[in-house]
Amino acid sequence: MRGRLLKIFMVILVLVPVGLTAYLANSLYHRKGVPQALENLTRQLFQSKEEEKKAEKRAQDLERKTEELQSAYDALVADLRGEVDSRQIRVRQFREKLEINFVDKVLFASGSADVSPRGRDILSRVAAVLAKVKDKSIYVVGHTDNVPIHSSLYPSNWELSASRAASVIRHLSEAAGLPPERFTAMGRAFYQPVASNASPEGRQENRRVDIIVADVPLLAGETGSQ
C-alpha cells in the first residue's frame, strides 16, 4: 500500500509541472501583449532580411558600375592614345567617377564654340565608349583662361565656356546618339583654374572642357516638384 502511494505521489510530481507549464503557456498566448510582441518580432525579422537583400543589391550594383567605369577608362586610354600621350586629353578613373579632360584646341578653334572636324571625330569615339556606361549622369563643364574675350557672340568668358559645353553635348547626343536626358551643361569661365594664368602654358591648361561621368545628382529635385 505504501509503495503504491509513493508511485502515485511521484506521478503527481511529474504531471504537475507539465500541466502548470501548459497552463502558463496557454495563458500567455491569449494575453493581448504576447501575440503583438511576436508579430512585431516577426515583422522586424522580415525587415532585416529585406534590408540585407537591398544592401546586397546595392553592393552588386556598385561593383557592376565600377567595372563599367574601369572598362570605359581602358577603352578611352587605348583609343585616344596619341592625344593622351601628348597631354591634350587626360582620362582619370575613380571608384565611382570617370573624368575626361580636353585641352580646348582639341575640340575648338580659338574663341569659338563650334566643334572642329577633329573634335567631332574624337567626341564620336568617346560617345561610343560612354554608351556602354549605364545609369550615370554626364556633366560637361567648359572652362577658359582669365583673358577677357572680345566677341559679339560671347560678351564674356561665361558665355564662351557655357556655349562650348553645350556644343559638346549637342554632338554627343544629336550626332553620336547618347540620350540627352543624361547631360548637364555648365560653364565655369576662369573661376576653376588648374594652373596659373601667369604663363601661356598655364592659360592653355585652363582652357579646357571636362566630361564627368558620375552619380552626382547636382540638379536632381531642383525643378520645384516634391
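**Aromatic contacts, salt bridges and the largest pocket**

In this predicted model, W158, F190 and Y191 come together in one aromatic cluster. The structure holds two aromatic pairs, and for the pair made by W158 and Y191 the ring centres lie 5.3 Å apart with the planes at 25°, so that this pair is stacked, the limit for stacking being an angle under 30 degrees. W158 belongs to helix α6 (residues 157-175), whereas Y191 is found in the loop between β4 (183-187) and α7 (200-206), and the pair therefore ties together parts that are 33 residues apart in sequence. W158 is partly exposed, its relative accessible area being 42%.

The secondary structure of the protein chain comprises seven helices and five strands, which follow the pattern α-α-α-β-β-α-α-β-α-β-α-β when read along the sequence. Of the 226 residues in the protein chain, 32% are buried.

Charged side chains contribute 12 salt bridges to the structure. In one of these, E83 is paired with R118, and the closest N and O atoms are 3.7 Å apart; E83 lies in helix α3 (residues 81-85) and R118 in helix α5 (residues 117-130), so that the pair links distant parts of the chain, 35 residues apart. The two partners are set in unlike surroundings by accessibility, since E83 is buried at a relative accessible area of 12%, while R118 is partly exposed at 38%.

A salt bridge also joins E99 and K97, with the closest N and O atoms 3.3 Å apart. Here E99 is buried, with a relative accessible area of 11%, and K97 counts as partly exposed at 29% relative accessibility. K97 has a further contact with an aromatic side chain, as the charged end of K97 sits over the ring of F94 at 5.1 Å from the ring centre.

In the salt bridge between R207 and D145, the closest N and O atoms are 2.7 Å apart. R207 is located in the loop between α7 and β5 (208-214) and D145 in the loop between β3 (137-143) and α6, so this pair ties together parts that are 62 residues apart in sequence. At 24% relative accessibility R207 counts as partly exposed, whereas D145, at 7%, counts as buried. Both residues also take part in a network of salt bridges that links D104, D145, R164 and R207.

The largest pocket has a volume of about 360 Å³. Its lining is made up of 15 residues, and those that lie nearest the centre of the pocket are R87, Q88, R90, V103 and E205. Two or more residues of this lining are given by each of the elements β1 (89-93), β2 (97-103) and α7. When the lining residues of the largest pocket are sorted by class, six are nonpolar, four are polar and five are charged.

Methods. Residues numbered from 1 in each chain as written. Predicted model: local features only at pLDDT ≥ 70, side-chain atom pairs only at ≥ 80, totals over all residues. Heavy atoms only, no water. Phe/Tyr/Trp six-rings, centres within 6.5 Å; stacked < 30°, edge-to-face > 60°. Helix = DSSP H or I, 4+ residues; strand = E, 2+ residues; numbered from the N terminus. Buried < 20%, exposed > 50% of the residue type's maximum accessible area, 1.4 Å probe, protein only. Lys NZ or Arg CZ within 6 Å of the ring centre and 35° of its normal. 1 Å grid on protein atoms, 1.4 Å probe; cavity = no way out; pocket = protein on both sides within 12 Å on 5 of 7 lines; lining within 4 Å. Points joined across faces, edges and corners; volume = space filled by probe spheres on them. Nonpolar A, V, L, I, M, F, W, Y, C, P; charged D, E, K, R; others polar. Salt bridge = Lys/Arg side-chain N within 4 Å of Asp/Glu carboxyl O.
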